Amino acid sequence: MRLVLLGPPGAGKGTQSSRLATELRAVHLSSGDILRAERKSQTELGKLAQTFMDAGSLVPDDLILRMMICRISGPEASGGFVLDGFPRTIPQAEGLDERLAMLKRPIDRVVSINADDSVVSRRLTGRWTCPKDSSVFNESYSPPRRAGVCDLCGTALVRRKDDEPQVVSQRLTTYHAETRPLIDYYRGRGVLTSIDGNAEIDDVYARIVAACRGNG
Ligand code: AMP
């Protein structure tokens, strides 16, 4: 299955995509995770992306398209994929469609996870990550046993720079201006299902699975 998850930052796309990909035996392709890995390895792309990411704005379309098309066209994606965080603009969606048409592997379904700005903002600004083992905690929903410290390895937790309140607010503005238009784009192509993401992780997951089966 070839699936795209749309939604604002903090809607739970990462968590849901990773679970779905395991179940569908598809590859999970998160543009944000790929960019963070590029930054960590200090590649040319990682260095270029850094300023945009830290400001909460989008990395230019041509860079993202090259990065994602390469993975989507590769053998690991031939059994299906779940796209998370890509496409994020109309030119990215058009570039993706063009490539998938060439490969004769069109998108089967796009699920848009709708969540209120106040809900996603609380999720993102309350998110803390362990720099050692990448465990993720949330002040409000899943706090660590000891404040500020990883449950698994005891390392001090850090907040992603782009989860700081001012950057979160910019990321939401960017989402509304650049990414929300994709909802109409995919609705026009007859592949969109919208679901309510203001709910528990398991409930949202069940709604996505129903949407993929055509019952959403
Ligand atoms: P995410 O983890 O998906 O919220 O992505 C983190 C940051 O990476 C975003 O705020 C953007 O700066 C950048 N990014 C991720 N995916 C894309 C994309 N498809 N297009 C442009 N920028 C992206």
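How many of the five residues of strand β1 are buried? Five of the five, residues 2–6, are buried, so β1 is largely enclosed by the rest of the structure. Keep in mind while you look around that this is a predicted model.

## The overall picture

Let's start with the whole chain. The protein chain has nine helices and seven strands. Its radius of gyration is 17 Å, close to the 17 Å that the globule rule gives for 216 residues, so the chain is as compact as a globular protein of that length. Measure the C-alpha trace along its principal axes and you get spans of about 50 × 40 × 30 Å.

Of the 216 residues, 46% are buried. Take the contacts with a separation of 6 or more: residues 24 or more positions apart account for 67% of them. On the outside, the chain exposes about 10,800 Å², with carbon and sulfur atoms supplying 51% of that area. As for charge, there are 30 positive and 27 negative charges, and their mean positions are 3 Å apart.

## Strand β1 and its neighbours

Back to β1, the strand from the opening question. In a regular strand the side chains alternate between the two faces of the sheet. Here, Arg2, Val4 and Leu6 point one way from β1, while Leu3 and Leu5 point the other way. Whichever way they point, all of these residues are buried.

Which strands does β1 pair with? One is β3 (residues 81–84), joined to β1 by four bridges, with the two strands running parallel. Another is β4 (residues 109–114), again with four bridges and a parallel run. Leu3 is a handy residue to find on screen: it stands opposite Val82 in β3 and opposite Arg109 in β4.

## On to β4 and β7

Strand β4 is mostly covered, with five of its six residues buried. Toward β1, Val110 of β4 is the bridge partner of Val4. Strand β4 also pairs with β7 (residues 192–196): five bridges join them, and they run parallel. To find this pairing, look for Ile113, which stands opposite Ile195 in β7.

## Two buried residues that touch

Now zoom in on Val82, which sits in strand β3. How much of Val82 is accessible? Its relative accessible area is 0%, and because the cut-off for buried is under 20%, Val82 counts as buried. Leaving aside residues up to four places away in sequence, Val82 touches Leu3, Leu5, Ser17, Leu20, Ala21, Leu24, Ala26, Val27, His28 and Leu29. One of these, Ala26, is 56 residues away along the chain, yet the C-alpha atoms of Val82 and Ala26 are separated by 6.7 Å.

Ser17 is on that contact list too, and it lies in helix α1 (residues 13–24). With 0% relative accessibility, Ser17 is also buried. Apart from residues up to four places away in sequence, Ser17 touches Leu5, His28, Val82 and Asp84. Leu5 and His28 therefore turn up in the contacts of Ser17 as well as those of Val82, with the cut-off for a contact being heavy atoms within 4.5 Å.

## A partly exposed helix residue

For a change of scene, go to helix α3 (residues 44–55), where you'll find Leu48. Is Leu48 buried, partly exposed or exposed? At 43% relative accessibility, Leu48 counts as partly exposed. The C-alpha atoms of Leu48 and Pro60, 12 residues apart along the chain, are separated by 9.5 Å.

## Backbone details in the loops

A few spots in the loops are worth a visit for their backbone geometry. Pro87 is in the loop between β3 and α5 (90–103). The peptide bond leading from Phe86 to Pro87 is cis, with omega near 0°.

Then there's Gln42, in the loop between α2 (31–40) and α3. Its phi is near 55°, a positive value in a residue other than glycine. Gln42 is partly exposed, with a relative accessible area of 43%. Lys104, in the loop between α5 and β4, has a positive phi as well, near 60°, and is likewise a residue other than glycine. At 72% relative accessibility, Lys104 counts as exposed.

How values were computed: Residues are numbered from 1 along each chain as its sequence is written. This is a predicted model: local features need pLDDT of at least 70, side-chain atom pairs count only at pLDDT 80 or more; totals for chains, interfaces and linings use all residues. Side-chain values use heavy atoms; hydrogens and water are left out. The radius of gyration is taken over C-alpha atoms; the globule rule is 2.2 Å times the number of residues to the power 0.38. Buried means under 20% relative accessible area, exposed over 50%, partly exposed in between (1.4 Å probe, protein chains only). Accessible areas come from the Shrake-Rupley method with a 1.4 Å probe; for residues, only the protein chains shown count as cover. Lys and Arg count as positive and Asp and Glu as negative; His and the chain ends are not counted. The place of a charge is taken as NZ of Lys, CZ of Arg, CG of Asp or CD of Glu. Two strands pair if DSSP finds at least two bridges between them.
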